[in-house]
Amino acid sequence: MTQLRFSGAGSVVVILVAVLTGCQSTGQGSAAPEPSPTSSSTSAPAETPAATDVDPLETVTVVEVGPESLDLVAPDGTTVMALSYDDAVDGVVAALTVVLGSEPTVTPGDGGLESPDYIQYEWPGFGLQDAQPKPGFFPDISNYMVGVTVSSQGDVSFVTPAGTRIGDDIRAEASERGVVVDETFASMDHLIYFEVGPELSSAPGENSSYPNAMAVTLSSNTPSGTIDKIVASSNPSFWVH
């Protein structure tokens, strides 16, 4: 059986009318009718619009590319979220999609002798490579790596913890921080230096010229020495020249 329910707002005014007939009073006139009750309507208070919650990720203006994490930073300098390079890629991509304001293009890629197969997530000037190593191979590699080729995208800037960005002079930046630029491939205009994280307790790679630590790689592929790529994170002791 269908039940019908009725609801409504307002007041129901019941008017009672008393009719006096056949009543006479000696020396008195007819009694004046009592005034009908009146109803007063009270307007309901206007509802206050609910405040719209702002996703903290939408306030991010700096993506700091560090050796151990990708830090999403608000204008006041606070870290909204730190994304470890060992975090699950789905969550990292979801956060970056909010920060960068668009969905990435997704492309699978083949690795080689020095790198595993991967899935590439690409925004303009910023890429994330999700490593897909086979069991037992590439034990040093982080769950994902990022590569930056622009200093900013829209309102979001890309910097390293030392404040280096795309377009800076690689020799000047390295000299300022007491770091030696690796010019092994200088003849091909390829110069690199690293911003290195804490020393690791795990076994290093075969290249003892570099520390056993995760690092941000800054490189220049131009004769001018202008930094044109930032990559993180990798362990330079596993590099073989």
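Modeller: A nonpolar core is a set of buried Ala, Val, Leu, Ile, Met, Phe, Trp, Tyr and Cys residues joined through side-chain atoms within 4.5 Å, where buried means under 20% relative accessible area, exposed over 50% and partly exposed in between, with a 1.4 Å probe and protein chains only. In this predicted model, local features need pLDDT of at least 70 and side-chain atom pairs count only at pLDDT 80 or more, whereas totals for chains, interfaces and linings use all residues. Residues are numbered from 1 along each chain as its sequence is written, and side-chain values use heavy atoms, with hydrogens and water left out.

Colleague: Which residues touch the most other members of the largest nonpolar core?

Modeller: Leu70, Leu72, Phe126, Leu128, Tyr144 and Val146 do, in a core of 35 residues. The element that gives the most to this core is helix α1 (residues 89-100), with 7 residues. Helices are DSSP runs of H or I with at least four residues, and strands are runs of E with at least two, both numbered from the N terminus; on that basis the protein chain has 2 helices and 13 strands.

Colleague: What is Leu70 in contact with, leaving aside its neighbours within four places in sequence?

Modeller: With contact meaning heavy atoms within 4.5 Å, the partners of Leu70 include Val63, Val65, Met81, Leu83, Leu96, Phe126, Tyr144 and Val146.

Colleague: What makes β2 and β3 a pair of strands?

Modeller: Two strands pair if DSSP finds at least two bridges between them, and 5 bridges join β2 (residues 69-73) to β3 (residues 79-84), so the criterion is met. The two strands run antiparallel, and Asp71 has Ala82 as its bridge partner in β3. Their hairpin has 5 residues between the strands, and in it Gly77 takes a positive phi near 90 degrees.

Colleague: In what order do the strands of the open sheet stand, and which of them are at the edges?

Modeller: The order of the 8 strands is β4-β5-β6-β7-β13-β12-β11-β10, with antiparallel pairing. The edges are β4 (105-109) and β10, each of which has a single partner strand, so one side of each is left without a neighbour in the sheet. From one strand to the next the twist averages 25 degrees, where axes are lines fitted to C-alpha atoms, for helices over the stretch in contact, and angles run from 0 to 180 degrees between N-to-C directions. Helix α1 packs on this sheet, touching β5, β6 and β7 (144-148), and its direction makes about 175 degrees with that of β6.

Colleague: How many bridges pair β5 with β6, β6 with β7, and β7 with β13?

Modeller: There are 7 between β5 (residues 117-123) and β6 (residues 126-132), 5 between β6 and β7, and 3 between β7 and β13. Phe126 appears in two of these pairings, as the partner of Trp123 and as a residue whose partner in β7 is Val148, while Gly147 has Val231 as its partner in β13.

Colleague: How do you know whether the faces of β7 are covered or open?

Modeller: In a regular strand the side chains alternate between the two faces of the sheet. Tyr144, Val146 and Val148 on one side and Met145 and Gly147 on the other are all buried, and both faces of β7 are thus covered.

Colleague: Why is the contact of Glu183 with Arg171 called a salt bridge?

Modeller: The term asks for a side-chain nitrogen of Lys or Arg within 4 Å of a carboxyl oxygen of Asp or Glu, and the N to O distance here is 3.6 Å, so the pair qualifies. Glu183 lies in β10 (residues 182-185) and Arg171 in helix α2 (residues 170-176), so the pair ties together parts that are 12 residues apart in sequence. The structure holds 2 salt bridges, and Arg177 and Glu173 also meet in one, at 2.7 Å, N to O.

Colleague: Which of Arg177 and Glu173 is buried, and which is partly exposed?

Modeller: Glu173, with a relative accessible area of 12%, is buried, whereas Arg177, at 27%, counts as partly exposed.

Colleague: What is omega for the peptide bond that joins Ala232 and Ser233?

Modeller: Omega is about 0 degrees, and the bond is cis; Ser233 has its place in strand β13 (residues 229-234). Most peptide bonds are trans.
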